[in-house]
Amino acid sequence: MHCYRRSRSERIGFLAATQLPRIRTSKFIFAVATVGMAVAGTLVSPICEAGQDAAQRIVLKGGSIYDGTGGKPYVGDVLLEDGRIAAIGTADKPLANPNADRTIDCTGLIVAPGFIDLHNHSDTPIVQKETRDGRNYLTQGCTTIVTGNCGGGQVDIGKYFGELDENGIGVNVVHLVPAGAVRNRVMGAVNRPPSAEELQRMQKLVEDGMQGGAYGMSTGLIYVPGAYADTDEIVSLAEIVGKHGGIYASHIRGEGKTLLDAVAEAIEIGRRANLPVHVSHFKASGKAYWGGVRPASQLIEKARAAGQTVTADQYPYTASSTSLAAMVLSSEAREGSNADLAKRLKDETKLPELREQIAKNIIDRVRIQIASYGPKPQWSGKAIADIAEAEGREPVDVVVEILQNGGCAAVSFTMNEEDVRFVMQLPWVATASDGAVKVANNSKPHPRSYGTFTRKLGRYSIQEGVLPLEQAIRSCSGLPADILSLSDRGYLKTGQAADVVVLDPKTLMDKATYEEPFEHSDGVRYVLVNGRIAIDDGKSTGALAGKPLRKK
Ligand SMILES: [Zn+2]
């Protein structure tokens, strides 16, 4: 039984939206909860009610079953019971007992495994009340997200997963030990090698994370302080991860000029530390380096042919998003905190060199757009070049001003459409968002947090035929499960956890854009998480049916 707290409004929303049987039980719980609230004087009461829905028998009837293997679809019925896929019936071999508490007609619809987002940055918002339901992922068909990416996020997995258990979550969460955050905790944001004692302390944190149920470790080798770790240091941590059967996922050291060296380093780390390697958000960044994904993919394929496990993921957009500072300054120039950087940019003796570096780096990027910037909210969604022109300034001076005030997040158009299409067809590339759970506000973040999966399937596969739908669905389900060695999710087969999506191929499409990044997708009709309905006929139920997934 999965116990958690749920607020009154969430419970009401859930009951109203699902209209499932067992209403009597729910009403009883609601009455108890109301008393609890009166006594405690709070809107939140301990409730333990997840099990009741999970016990439901649900039949998804007559849909086209894409099972996550990449094989051709077939028409059949999927029976879900006790949070598991209990049986799959076909015309030749119908369900033995098709009676159910609820039967959902899936004629003309796609039935697929719930999507697994290998690359997610929800470490902070997934524990927050307004975003923990993961709605912007459920509405893309995503039932599991992987946090701790790019070397950043929660170091103490026990505390983190404890909070998720306690408060409830709308999607399942897998975690990676974030090596950058580990380094920061032990050494701070300094650019030097660790002492023997410091390395030991980092190894201990990685060991604790793996024992706590992490599925691997991530690095972010352009970020502070992850960038200051050399190959040997990473190998000495990755060896521990490998002993626990985990993976090494990396935002590699370079995605433009040094892409090939960076891929080679990731492969070397996997070989020396004896563990699977995963290249996060695989791309060639910067006009001068477009096309670089081809030789980089050959390097990966060579390693795969030699028996190494090497994979990658991708978000299907030509823009990336990260901090403005990371886009325009080297990791050496960014040592320390944002405040330290701001101070250096205000120092007349240091500014000219930094300014020159920024000016050089913004040339490679087609357009840099501000996601959100506290001091001047009116700049959100605007391009640096446009702001500069309107104010009669040089773009580099606008960037310097922003960084002098603590920096901002930005969206940058650095990729080439042809490269994006090439990468998504590779059979070892999974779909992943690089986004986070969020709700609408005044900022203009990258639309990938709302549209990655529906864009890949609806736009690139169904509408444009860039890759077969069965392969596109596999890249969102079976493949990421295989990459993580997540043994009971990612496929539609008997015994797997009941994470299932039902999609309408006629309307499936992303709606979020760079101008309107908070638009939910179309065409995701039903989403079940651990056997409970999270999206019911296109509407969110508010169910917090997810759970942290601990590697055993
Ligand atoms: Zn990254």
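This passage describes strand pairing, one buried residue and a helix contact in a predicted model.

Strands of a sheet pair through backbone hydrogen bonds, in either a parallel or an antiparallel sense. Both senses are found around strand β7, which spans residues 110-113. Strand β3, residues 58-65, pairs with β7 in the parallel sense, and two bridges are found between them. In this pairing, serine 64 of β3 stands opposite isoleucine 110 of β7. Strand β20, by contrast, runs antiparallel to β7, to which it is joined by four bridges. Within that antiparallel pair, proline 113 has valine 500 of β20 as its bridge partner.

Valine 500 belongs to β20, a strand made up of residues 500-503. A residue is counted as buried if 20 or more other C-beta atoms lie within 10 Å of its own. Valine 500 has 25 C-beta neighbours inside 10 Å and is therefore classed as buried. Along the chain, valine 500 and alanine 112 are 388 residues apart, yet their C-alpha atoms are separated by 5.9 Å. When neighbours within four places in sequence are left aside, valine 500 is in contact with Leu60, Val78, Leu80, Val111, Pro113, Gly114, Leu492 and Leu528. Pro113 thus appears both among these contacts and as the bridge partner of valine 500.

A further set of strands forms an open sheet of three members, arranged in the order β8-β9-β10 with parallel pairing. Its edge strands, β8 (115-117) and β10 (172-175), each pair on one side only. From one strand to the next, the twist averages 20°. Strand β9, residues 142-147, is linked to β10 by four bridges in the parallel sense. Threonine 144 stands opposite asparagine 172 of β10.

Helices were examined through the pair α8 and α9, which comprise residues 231-243 and residues 259-273 respectively. Their axes come within 8 Å and cross at roughly 50°. Angles from 65 to 115 degrees count as roughly perpendicular and those under 35 degrees as roughly parallel; α8 and α9 fall in neither range and are therefore oblique to each other. The crossing of α8 past α9 is right-handed. On the α8 side, the contact is made by Thr231, Ile234, Val235, Ala238, Glu239 and Gly242, while α9 contributes Glu265, Glu268, Ile269, Arg272 and Ala273. Sorted by class, the residues of this contact are five nonpolar, two polar and four charged.

Methods. Residues are numbered from 1 along each chain as its sequence is written. This is a predicted model: local features need pLDDT of at least 70, side-chain atom pairs count only at pLDDT 80 or more; totals for chains, interfaces and linings use all residues. Axes are lines fitted to C-alpha atoms, for helices over the stretch in contact, and angles run from 0 to 180 degrees between N-to-C directions. Angles under 35 degrees count as roughly parallel, over 145 as roughly antiparallel, 65 to 115 as roughly perpendicular and the rest as oblique. A crossing is left-handed if the near helix is turned anticlockwise from the far one by less than a right angle, and right-handed if clockwise. Two residues are in contact if their C-beta atoms, placed from the backbone, lie within 7 Å. Ala, Val, Leu, Ile, Met, Phe, Trp, Tyr, Cys and Pro count as nonpolar, Asp, Glu, Lys and Arg as charged, and the others, Gly among them, as polar. Two strands pair if DSSP finds at least two bridges between them. A residue is buried if 20 or more other C-beta atoms lie within 10 Å of its own, exposed if 12 or fewer, and partly exposed in between; C-beta atoms are placed from the backbone.
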